[in-house]
Amino acid sequence: MDLIINQKYDYIIAGAGCAGLSLLYRMLQTPSLKQKKILLLDKEDKNKNDRTWCFWEKEDGLFESIVSHKWNTLNFFSDEFKNTFDLLDYSYKMIKGKDFYQFVFKAIEGLPNITIKKENIKSIESIEEQGIVKTENETYNADYVFNSTSLFHPTINTKNSLLQHFKGWVIETPKPHFDDKVGTLMDFSINQQYGDTFMYVLPTSKTEALIEYTLFSPVTLEQNEYEEALKDYIKTVLKIDSYTVKHEEFGIIPMSLATFKRTESERIINIGTSGGFTKASSGYTFQFIQKNTQQIISNLVNIKYPQPKKSIASKKYDLYDKTLLTVIMDNKMSGKAIFTTLFKNISPEQILKFLDNETSLKEELQI
């Protein structure tokens, strides 16, 4: 059957989330790629502050100009152990979703070689050494399709996965209450009735903070249950009676033993969560996306296949992640107990390095 192709592109980026926009922005910063004909497809307008990315980094990154806040001191709390620690090599950083979207779209604005279309993607396939994307309106083709949609996700169920699900509130208090130089990375001292549960507290000023209720469990909760937990924590732990909720966000991240394939075919490259770049044991994604998109750019510049193969080191960390997930899913040890033991016995910097997949074998043996 003959396909009716609307237009030919060098690259199609399917999905305008963190992975798709990070890759596109890196292309624009690369002299040999910035003139390529690129189509960006997404079913939604990216104009809402729908998520917040928090990550640690040693130096200024590609998106440093839109980092909204940094912390160099963090708390870890559980019933058995409490610690406040200064970061020596790292800074803990926050980027707001809306700031990220606006930053990349401003860089794209007016470029004749970049086409943005709001369309619902129906299918992605390879035909005759081309990537073909069919939407509800048109059919497009390109040399490569970089996919961050959920079209090729493996089956996620309670037997092979936990969900990291969370609800966050940005609250503002009428009087100064927070120390905006100190963030709480994990507070496990709260009720664990639904599974491994902790709070983030990330103050961005003396009167404003992101409070996030996070769980690792097989299923999500009712929305009112997240809200009641947030209210209780703000009142009983933070001792705040008067505040305004300025913003709220909700998210679900798979923590899965299932295999997310890096490529679907020779012409379809999976990126972001779709390509397995969400760390299975922690849900951290932002920095793994940055590392992968940087590798893709390097390969394109050097006329190599875009998606790098998994290294021995990557496979090793996959094994560590799957071991941790299996331990938690089989109820051999709780996430609370695991992270408490780590923060009690290992330097926080080394833990962050391990969670970034950057430790040496000697350091891993200690952990």
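The following exchange concerns salt bridges, burial and a cavity in a predicted model.

Reader: What makes the contact between Glu-64 and Lys-70 a salt bridge?

Author: The limit is 4 Å between a side-chain nitrogen of Lys or Arg and a carboxyl oxygen of Asp or Glu. For Glu-64 and Lys-70 the N to O distance is 2.8 Å, so the pair meets the definition.

Reader: Why is Glu-64 called buried?

Author: Buried means under 20% relative accessible area. Glu-64 has 15%, and the term therefore applies. Its partner Lys-70, at 37%, counts as partly exposed, because that class lies between 20% and 50%.

Reader: How do you know that Asp-50 and Arg-51 form a salt bridge?

Author: Their closest N and O atoms are 3.6 Å apart, which is within 4 Å, so the pair qualifies. Asp-50 is partly exposed at 26%, and Arg-51 is partly exposed at 40%.

Reader: What makes the pair of Glu-358 and Lys-291 a tie between parts of the chain?

Author: The two side chains meet in a salt bridge at 2.9 Å, N to O. Glu-358 lies in the loop between α7 (348-355) and α8 (361-366), whereas Lys-291 belongs to helix α4 (residues 286-301), so the bridge ties together parts that are 67 residues apart in sequence.

Reader: Why are five residues in the lining of the largest cavity classed as nonpolar?

Author: Met, Phe and Tyr count as nonpolar, and the lining includes Met-186, Phe-198, Tyr-200, Phe-216 and Tyr-284. Gln-164 and Ser-282 also line the cavity; Gln and Ser fall among the polar residues because they are in neither the nonpolar nor the charged list. The lining has no charged residues.

Technical notes. Residues numbered from 1 in each chain as written. Predicted model: local features only at pLDDT ≥ 70, side-chain atom pairs only at ≥ 80, totals over all residues. Heavy atoms only, no water. 1 Å grid on protein atoms, 1.4 Å probe; cavity = no way out; pocket = protein on both sides within 12 Å on 5 of 7 lines; lining within 4 Å. Buried < 20%, exposed > 50% of the residue type's maximum accessible area, 1.4 Å probe, protein only. Helix = DSSP H or I, 4+ residues; strand = E, 2+ residues; numbered from the N terminus.
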